[in-house]
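The following exercises are to be worked with the sequence and the structure at hand. Each task is followed by a solution in steps.

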Amino acid sequence: MATRKLLLLPGDGIGPEAMAEVKKLIEMMNADFNTGFQTEEGLVGGSAYDAHGQAISDADMEKAMAADAVLFGAVGGPKWDGVPYEVRPEAGLLRLRKDMELFANLRPAICYPALAASSSLKPDVVEGLDILIVRELTGGVYFGEPKEIIDLGNGQKRGIDTQVYDTFEIERISGVAFELARTRSNKVCSMEKHNVMKSGVLWKEVVAQTHKAKYSDVELTHMLADAGGMQLVRWPKQFDVIVTDNLFGDMLSDVAAMLTGSLGMLPSASLGAPDPKTGSRKALYEPVHGSAPDIAGKGIANPIAMIASFAMCLRYSFNMVEEADRLEKAIAGVLDDGLRTKDILSDGGTEVSTSQMGDAVVAKYKVLA
Ligand code: NAD
Ligand code: IPM
Ligand code: MN
C-alpha cells in the first residue's frame, strides 16, 4: 500500500473546525479504501505563537518540507493584534509559502448548480461559472524589499512596501496559467496595472513573450486589474483562467469567492515547481478564507472550502483523479440535497452545522464509490 505523508496545520479560529471535517474524510478513506494517508499535526499562526513565540517553529517547517503535502486551515484573529509584526500569525503562512517556494496559487471559483441563488449576484450571472485564478504567491509587494516603517524625525513616519517582479517569476507563473488553460477552455486573461506600475509594464511584456514563444495556441487577453474586478462582477463567465500578481490575486479571489455564494466555498492549491527528476512538487492546500473570528467556536463555519482544498490535494499531489472527482461530486451532492451552512442559507434549504456538513460529505462519498 502506498504511504502518503500529510502534515495538517489547522491554525486558528475556524481553521481547526474545518480541518476536523477533513480528518473524518481521511480516516474514512484509509479505513474503507486503503488510501494509506499518514498524518502528522503541527502548529501555525496564533496557536504556534502561544506555544513557542513563533508563527511557525523550525521543527514544523521541517515537517512541512518533508511531507508529501500540507493541509492548512487558517490563521489570525484579534487575540494576536498586539504581537510583534515578525511573529504575527500570518507570518507563519507567508514563511511556508516562501520557504517551500510555492509560487503558484490556484484558486478555482466554481458556482455549484444548487448555489446559483445563494450568490449576491443574479443567478444567470453566476450559473455554470467555472473560472480559475492563478495567483503569483512568492513575489510582488508581499515580499519586496524595502518593507519597513521609517521615522522621518519630524513627527512623521513613512510606511514602505515594495512591488518587485523579475522576468523568471512572471514567466513561470504565466506558464502555469497557459498549461492549465490548455486543459480547460484554452483562454488566459492577464491582469496588471501597466498604466501606473513599472512592474505591470514588465508583467504584461513577459506574459506576451511567454505566450508567443510557447503557448500561441491559447487565447490571451490583457486587462487592467481594476477593470478586471469590475468585469468579474459584471459578467464573470467571460473568463476562463485569470493570471495575476500576488496582491491583485488576493483581492480578485475574494471577489470571485462571492460569485460562488460564500467565501466558505473557495479552495486553493499552492504549488511549487515539479522536481525535474521525480516530477513531484511541494504543495500546500489552503482555503481562500481566513480564521473568521466573528463565527469561530460556534460550529457554523462552512467546511466546504477546506474539504475542496483536500480534493485539490488528491488531484495535484497524489494524482488520485477518481477520488478527487468523487469528492467534488459528493460536495455537489450534499448541496443538491439541500444541506446548507448558515453562510449559504439564503436560498432556503436545511441548515446544518460544520460537523453535520462534514458527516454528510463523508456519507455521500461512500455512496458514490
Ligand atoms: P475571513 O475570511 O476570516 O472572514 C471574512 C468573512 O467571511 C467573515 O464574515 C467570516 O465569517 C466569513 N467566512 C469566512 N470563511 C467562512 C466559512 N468557512 N464559513 C462561513 N463564513 C466564512 O477574513 P477577515 O475577517 O478579513 O480576516 C480574519 C483573520 O483571518 C485575519 O487575521 C486575517 O489576516 C486572517 N486571514 C487568514 C487567511 C489564511 O489563513 N489563509 C486568509 C484570509 C484572512
Ligand atoms: C489569503 C490571505 C493571506 C494573503 C494572508 C492571511 C497572509 O488573505 O491567503 O488570501 O494575503 O495572502
Ligand atoms: Mn486573502
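**Exercise 1. Identify the residues with the most contacts inside the largest nonpolar core.**

Solution. A nonpolar core is a set of buried Ala, Val, Leu, Ile, Met, Phe, Trp, Tyr and Cys residues joined through C-beta atoms within 7 Å. A residue is buried if 20 or more other C-beta atoms lie within 10 Å of its own, exposed if 12 or fewer, and partly exposed in between, with C-beta atoms placed from the backbone. The largest such core holds 110 residues, and L71, V134, I242, Y285, I307, F310 and V361 have the most contacts inside it. Helix α10 is the greatest contributor, giving ten residues. Domain 1 (1-103 + 276-369) and domain 2 (108-271) both supply residues to this core, so it lies between them. The domain bounds come from an automatic or database domain assignment.

The model is predicted: local features need pLDDT of at least 70 and side-chain atom pairs count only at pLDDT 80 or more, whereas totals for chains, interfaces and linings use all residues. Residues are numbered from 1 along each chain as its sequence is written, while chains are lettered from A and ligands numbered from 1 in the order in which they are written.

**Exercise 2. Determine which residues F310 touches, leaving out those up to four places away in sequence.**

Solution. Two residues are in contact if their C-beta atoms, placed from the backbone, lie within 7 Å. On this basis F310 touches V22, L25, L71 and Y285.

**Exercise 3. Test whether the length of helix α11 (residues 321-336) agrees with its number of residues, and locate its packing partners.**

Solution. Helices (H or I, at least four residues) and strands (E, at least two) are DSSP runs, numbered from the N terminus. The expected span is 1.5 Å times one less than the number of residues. For the 16 residues of α11 this gives 22 Å, and the end C-alpha atoms are 22 Å apart, which agrees. The buried residues of α11 include E323, R326 and L327. Its buried residues pack against α10 (304-316), β13 (339-340) and α12 (354-368). Just after α11, G338 has a positive phi of about 95 degrees.

**Exercise 4. Establish where ligand 1 lies with respect to the two domains, and describe the surroundings of ligand 2.**

Solution. A residue is near a molecule if its C-beta atom, placed from the backbone, lies within 6 Å of it. Ligand 1 is surrounded by 22 residues, the closest being G76, G264, H289, G290 and N302. Both domains give residues to this shell, so ligand 1 lies between them. Ligand 2 is surrounded by E90, L93, L94, D250, V288 and G290. Helix α4 (residues 89-99) provides the largest share of the latter shell, three residues.
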